[in-house]
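Visitor: Please let me look at the model before we begin. I should then like to put some questions to you.

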Amino acid sequence: MREWRLQVLKILIIDDRKDKVNKIEKNLLVLSGVLKSDIDIVDNIQDALIILRKKHFDIIILDIQVPWRGGEQPLINGGIRFLEYIQLSDDINLPLSIIGITAYDESLVECGGYFQNYLWGLVKFDEASDE
């Protein structure tokens, strides 16, 4: 018998912290029914831009403080710089939705208005939570 599955979301996670990525991925797999093959993960903006030129994603989960290139230190406004760049690029496959994520209160306050302007979500990542 053939197994049917609903159209599944394609998700791109952009985050340089493996522990945080593992929690996000675990929750996506358990709570939403998304398959591991439907999730791509990159740890810097440059790699995200490369993959967004090749593939389409329904949702991007974006760390606000993320490095521009692999091996570099995270930029306080790296996520916002990424968002500004993709809004102006005509060779990027824009997602349907973007969810910003940060563990830092100051990033939450500073970037909240930017996300509200585009009707995107911005959430605080709680290190102690399993959700």
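**Rings, strands and charges**

Visitor: Is Trp120 buried or exposed?
Guide: Trp120 has a relative accessible area of 15%. Buried means under 20% relative accessible area, exposed means over 50%, and partly exposed lies in between (1.4 Å probe, protein chains only). Because its value is under 20%, Trp120 counts as buried.

Visitor: Which pLDDT do side-chain atom pairs need in order to count?
Guide: Residues are numbered from 1 along each chain as its sequence is written, and side-chain values use heavy atoms, without hydrogens and water. The model is predicted: totals for chains, interfaces and linings use all residues, local features need pLDDT of at least 70, and side-chain atom pairs count only at pLDDT 80 or more.

Visitor: How are the rings of Tyr114 and Phe115 arranged?
Guide: The structure holds 4 aromatic pairs. Among them are Tyr114 and Phe115, with 6.4 Å from centre to centre and 70 degrees between the planes. Rings of Phe, Tyr and Trp (its six-membered ring) pair if their centres lie within 6.5 Å; planes under 30 degrees apart count as stacked, over 60 as edge-to-face and the rest as tilted. The pair of Tyr114 and Phe115 is therefore edge-to-face.

Visitor: Which residues form one aromatic cluster?
Guide: Phe115, buried at 0% relative accessibility, also pairs with Trp120. The centres of these two rings are 5.9 Å apart and the planes are at 70 degrees, so the pair is edge-to-face. The cluster is formed by Tyr114, Phe115 and Trp120.

Visitor: Which residue in strand 4 stands opposite Ile60?
Guide: Helices (H or I, at least four residues) and strands (E, at least two) are DSSP runs, numbered from the N terminus. In strand 3 (residues 59–63), 5 of 5 residues are buried. Strand 3 runs parallel to strand 4 (residues 97–102) and is joined to strand 4 by 5 bridges, two strands being paired if DSSP finds at least two bridges between them. Opposite Ile60 in strand 4 stands Ile98.

Visitor: Through which helix does the chain cross from strand 3 to strand 4?
Guide: This β-α-β crossover is right-handed. With the strands pointing away from the viewer, that term means that the path from the first strand over the helix to the second runs clockwise. The chain crosses through residues 78–88, that is, helix 3.

Visitor: How many residues apart are Asp38 and Lys10?
Guide: Asp38 forms a salt bridge with Lys10, the closest N and O atoms being 2.8 Å apart; a salt bridge is a side-chain nitrogen of Lys or Arg within 4 Å of a carboxyl oxygen of Asp or Glu. The pair links distant parts of the chain: Asp38 lies in the loop between helix 1 (18–31) and strand 2 (39–42), and Lys10 in the segment before strand 1, the two being 28 residues apart.

Visitor: Which residue forms a salt bridge with Arg53?
Guide: Arg53 counts as partly exposed at 35% relative accessibility. The closest N and O atoms of the pair are 2.7 Å apart. The partner of Arg53 is Asp91.

Visitor: Over the ring of which residue does the charged end of Lys20 sit?
Guide: A charge sits over a ring if NZ of Lys or CZ of Arg is within 6 Å of the ring centre and within 35 degrees of the ring normal. Lys20 is also linked with Asp15 and Asp63 in a network of salt bridges. The charged end of Lys20 lies 5.5 Å from the centre of the ring of Phe125.
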